[in-house]
Amino acid sequence: MECGMRGQLEERESKIMSPNQSTAEVSHLAVDIGGSLIKVVYSSSNNNNEADDKGKKSSNDCVGIPNGSSDYPVLCGRLHFAKFETSKINDCLEFISSKQLHQCADWHHEASSHDKNIIKATGGGAYKFADLFKEKLGVSLDKVDEMDCLVAGSNFLLKTVHPEAFTYIDGREEYVQIDHNDLYPYLLVNIGSGVSMIKVDGDGKFERVSGTSVGGGTFWGLGKLLTKCKSFDELLELSQKGNNRVIDMLVGDIYGGVDCPKIGLSSTAIASSFGKAISENKELEDYRPEDISRSLLRLISNNIGQISYLNALRFGLNRIFFGGFFIRGHAYTMDTISVAVHFWSKGEAKAMFLRHEGFLGALGAFTSFESHGLNDITTH
Amino acid sequence: MAGLTEDHPQIGIDDIIDGSEQKLNEDIVERESGGGAREMAPPAGNSIHRSGSRPQLDLSKAAIQGNFEERDPTILLPNQSDDISHLALDIGGSLIKLIYFSRHEDRSVKDRRKKFLEEKIGVSNGIRRSYPILGGRLHFVKFETAKINECLDFISSKQLHRGGMDAHDWNSDAPDNENAVIKATGGGAHKFADLFKERLGVSIEKEDEMNCLVAGANFLLKAIRHEAFTHMEGQKEFVQIDQNDLFPYLLVNIGSGVSMIKVDGDGKFQRVSGTNVGGGTYWGLGKLLTKCKSFDELLELSQRGDNRTIDMLVGDIYGGMDYSKIGLSASTIASSFGKAISENKNLEDYRPEDISLSLLRMISYNIGQISYLNALRFGLKRIFFGGFFIRGHAYTMDTISFAVHFWSKGDAQAMFLRHEGFLGALGAFMSYEKHGLDDLMVHHLVERFPMGAPYTGGKIHGPPLGDLNEKISWMAKFVQKGTEITGPVPMASPRTTGLGGFEVPSSKGATLRSDASNLNVGVLHLVPTLEVFPLLADPKIYEPNTIDLAEQGELQYWFTVLSEHLPDLVDKAVASEGGTDDAKRRGDAFARAFSAHLARLMEEPAAYGKLGLANLLELREECLREFQFIDAYRSIKQRENEASLAVLPDLLMELDGMNEETRLLTLIEGVLAANIFDWGSRACVELYHKGTIIEIYRMSRNKMQRPWRVDDFDVFKERMLGSGDEKPHPHKRALLFVDNSGADVVLGMLPLARELLRRGTEVVLVANSLPALNDVTAMELPDIVAEAAKHCDILRRAAEAGGLLVDAMINSQDVNKENSSSVPLMVVENGCGSPCIDLRQVSSELAAAAKDADLVILEGMGRALHTNFNAQFKCDALKLAMVKNQRLAEKLIKGYIYDCVCRYEPASS
């Protein structure tokens, strides 16, 4: 399972697409076109007749539907996840085209006519690139509200996929059993290019209560300017090897190495991110990109953690789920966010993460197909 | 020195003398013999320091030497270097903020008039407290922490670590700095303690940072009238904060990092939050990204930036559309620096200006957001932002305000402090056991804006201007360098474009320095003797200024008037100092300095706080004094006084020939007519060239056709003379606020005073403490009255009774006995040196004199029109003036130049 779902995040295409499955065997497709990344979710068309052992076995890691229990046999298959950089949208279009994903509806006459030649799309790019999709693929993008999708995707995952949510403390992932009846309300923090904070009270019941422009795009954008990294992943990679003390001004730097217990700050707490870059006669080139990346990551993670906690507090929410592409299962990011939430809440609130963090929007868009058939799916 | 051996009358201080008297005397002798010929030292033979009507020293453990009657009392401060807190520091990660205290140099002489007043109306020199407050000046200075040696040099050159130069002088025999301690806060207080010990030989006593911040903020918010302001969409608005409704509030101090403190009262607070994304982040990241050399340079860059090239906006994601469902406009930043990812660009491909702006906005907005969330948590409506990150920078403040406004949906208010960077240092100053700031009230503080760094506190580091000479050179240099000081150009205010969005700030000029849009921090004069004028109907709603200079056209007009008047003023000022080369040099420097002030205010009207015409006029006088023009109109005043006094007997004879009713009208006409003699009015200055004083006066009086434009004379007359057989009781005491020298006071106000005296009303002539234009001063009035009294018995007896005549002053007790039958004519100073008067800050002797007064007469444009035209009093009030300015006439009374105002308002019982 781990390799199944996780692996896909690193690949442009799903490994699960077995070669013997023809390109025709694709049904519904949904995209989430964000500022930096395009996320694609589609279901493969293992129908009842073709269902084999392999399909059943993998029902644990994919969303499978027991035979005969659905009105939508088309969905008795797998969900696939793929991502592309928004700037390379043509790759994405080619991918869709090559898989003939957009023609899914034509291939499956059982599907609702409503779904014909339609791709469900969310994210800002659903508006921006609608014409491009029409032109290149001849399909209409059915725009679905971004927040609706995020929430739907998150609710779906939290209710359906087990285990989906986990905490990350001191380098240890710990899966959390979520009681369906005690899921709401929670705070959903989606960290994409920017950050949205959504209070979720139930299916389709939510409110965007806050957000911040300091998000994944900031990390990547600033990081790119500062380190010349070629990709987000490279930048993240660097941060693993960095030491932020070289650049951040710590409480200890100000207080000559001693804690400031009166206000509860240890000497290693960051007093000012990048604060050390001011006092020394150093230029950008004199700093290791690793250290810069690390400082930046801490700045952003810490900030998101703090604002999230303050918003959770405001509405009395004890659970905060963090999703979005910024996290990427990146240990240090999750750790920093967890620490920030723990610190500011004095241990009262917990940061939780989602395994399918990057695909909330796309999943939500997918579930907006009238006939997506995922309504009643439960973790079993 | 005879007086020193006499008894020591003690002022009301609990722990006055802990040494023996003998010891004190020895100290003084030591000082006298060892005291160098310092500039500030009083003339030889006099004792240490004269006490004016304003005690200028920290009086703790002080004793008055000598006695009141025979000698100017001297104040001795035996443990002065221990007792007076002179210096406090806030050593932050990037900047050092320094506050130091200096005594007033004011050495106003305690003359007979004042001594008499003490006895007659109970003015006691303001020394009425059991624990005195410090009288002096608080200076605010900044240095970069990286250049800490500049700071050490500054302290050393001013001997601040020894309690100032004065202290050193006073205790010249004392061992150097044996236990000298400087209070300091900020992280650097720990870090640089050794350096201070080594360089200055002083110990740093570390004060808790939060304590200091809060103490500083509480002090400022309570003691300074226009300290806090809001800043929305480029508009500054000062907020008057009710002292009783100050707490609780959230204090956000943005230094290298950010602290958020919930303040519940004095010393009652809690650090509730903070963020590591602060000023250090802006500077640090900015330095890495732009190669700027300083914070200010980086800030300056931002003013020409366009963040849209780097930030990913909602519109970028949504193809130019708003995401209206969740209230985000297309121009809302979705992801700070988010655009830097998607294009094949390197750091070099971005303009540093854009980077700086994007960074600034990200950090400011973030701080605003986190602050609001914390305010919300504790139900706080007011958030005060301080700390050096802000620097009066419009975009920063707007962004923070916007974030608070946006997230709170207008429920919470972001406010800023003029002394934003000095909270910690002020707090450290107040951590001295006897800092003397405890009981200060708003009316005890006067802020002045001398020209030249570092006194202005506007620059991070400027030359420490040791004396006037250096200042003049500095002024000259500055002007030569171009527009830097004379024409700072603040950026145009950024406007919001709707939900969450900002337009790009545009700058009106490329020469902008980042601190040019800063609010200046002046020198805070602590004048414990100032009081609120007790006859104000409601001091809380009292606003001295009639003209609101917030209106751009109004501002423009008055600046033009003042600018055009400047060359003439400089000529007079130079002439008043003998026309020497030195005087010319000072005159030039004054002109430059005042022009620079005007230019500064033209661009940033709120630079010195809320700006009214009175402030502007006072600024000019202060600026003259700064360049040591004590009294520019001295000779003119003298000449006009003499000319007017020469014709006074004729006028008095003429008046005495009239019946009561005609006389009263003629007197009021006379006041209005004489008010035409005004060197502050351009129109009148032109008149002077056309005729002699008496000619102009007669012409002016002939124009006095009633009804005047504002004419309450009949009501006033009825109060004075009654109607029918009903004779009203005379007023007990009248306060006459006089205006100009010469005909105005001699032929206008003195005859009116005489009439009141004749009717049995005590008269107190209220005049300026310091010269302003050709206004008569309290120092000059007794001589004028004495001269007038030579020809008039009424005036003579009253002046004798009022202690104004030298001959009668041999023994003040005899005076009282001899003249018990006559009502006195007295003179008090009003406590100010401006053509206008702010009645919230008047001298204690005026306040004392006001206690028994039931009639206030304000005369002249400055005091009755520019200020106080709408002031309400607890007693009868008469406002008399001739309007010698066309614009004012139109604005105020819908009339014309030379129209008259006679506004009478009976006491609002």
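This tour moves through a predicted model, from the interface of two chains to a pair of domains and then to a single residue.

**Stop 1: the interface of chain B and chain A**

Select chain B and chain A together. Their contact involves 63 residues from chain B and 62 residues from chain A. About 5,200 Å² is buried between the two chains, and carbon and sulfur atoms account for 61% of it. Next, pick out B:N276, B:L288 and B:I341: these residues provide 14% of the area that chain B buries against chain A, more than any other three residues.

Now look for charged partners. How many salt bridges lie across the interface of chain B and chain A? The rule finds 2. To view a salt bridge, select B:E348 and A:K228, whose side chains meet with an N to O distance of 3.7 Å. Between chain B and chain A there are also 18 residue pairs in polar contact, with both residues at pLDDT 80 or more.

Colour chain B by its helices and strands. Several elements of chain B give two or more residues to the side that touches chain A, including the helices α8 (209-223), α9 (279-290) and α12 (352-377) and the strands β12 (268-275) and β14 (333-335). By class, this side of chain B holds 27 nonpolar, 24 polar and 12 charged residues.

**Stop 2: two domains of chain A**

Hide chain B and select two parts of chain A: domain 1 (5-150 + 359-367) and domain 2 (216-247 + 287-354), as given by the domain assignment. Here 7 residues of domain 1 are in contact with 5 residues of domain 2. The area buried between these domains is about 570 Å², with 75% of it from carbon and sulfur atoms. Select A:L37, A:K83 and A:L360, which supply 52% of the area that domain 1 buries against domain 2, more than any other three residues.

Across this domain interface the rule finds 0 salt bridges, and the count of residue pairs in polar contact, both at pLDDT 80 or more, is 0. On the domain 1 side, β2 (37-44) and β3 (79-85) of chain A each supply at least two residues. That side has 3 nonpolar, 1 polar and 3 charged residues.

**Stop 3: a residue in a loop of chain B**

Show chain B again and select B:N659. Where is B:N659 placed? This residue is in the loop between α20 (634-656) and α21 (660-674) of chain B. B:N659 is partly exposed, because its relative accessible area is 47%, between the 20% and 50% cut-offs. Finally, add B:E661 to the selection: its backbone nitrogen lies 3.1 Å from a polar atom of the side chain of B:N659.

Notes. Residues are numbered from 1 along each chain as its sequence is written. Chains are lettered from A and ligands numbered from 1 in the order in which they are written. This is a predicted model: local features need pLDDT of at least 70, side-chain atom pairs count only at pLDDT 80 or more; totals for chains, interfaces and linings use all residues. Side-chain values use heavy atoms; hydrogens and water are left out. Contact means heavy atoms within 4.5 Å. Buried area is the accessible area (1.4 Å probe) that two parts lose on being put together, summed over both. A salt bridge is a side-chain nitrogen of Lys or Arg within 4 Å of a carboxyl oxygen of Asp or Glu. A polar contact is a pair of N or O atoms within 3.5 Å; within protein, one must be able to donate a hydrogen and the other to accept it, and residues adjacent in sequence count only if both atoms are side-chain atoms. Helices (H or I, at least four residues) and strands (E, at least two) are DSSP runs, numbered from the N terminus. Ala, Val, Leu, Ile, Met, Phe, Trp, Tyr, Cys and Pro count as nonpolar, Asp, Glu, Lys and Arg as charged, and the others, Gly among them, as polar. Buried means under 20% relative accessible area, exposed over 50%, partly exposed in between (1.4 Å probe, protein chains only). Domain bounds come from an automatic or database domain assignment.
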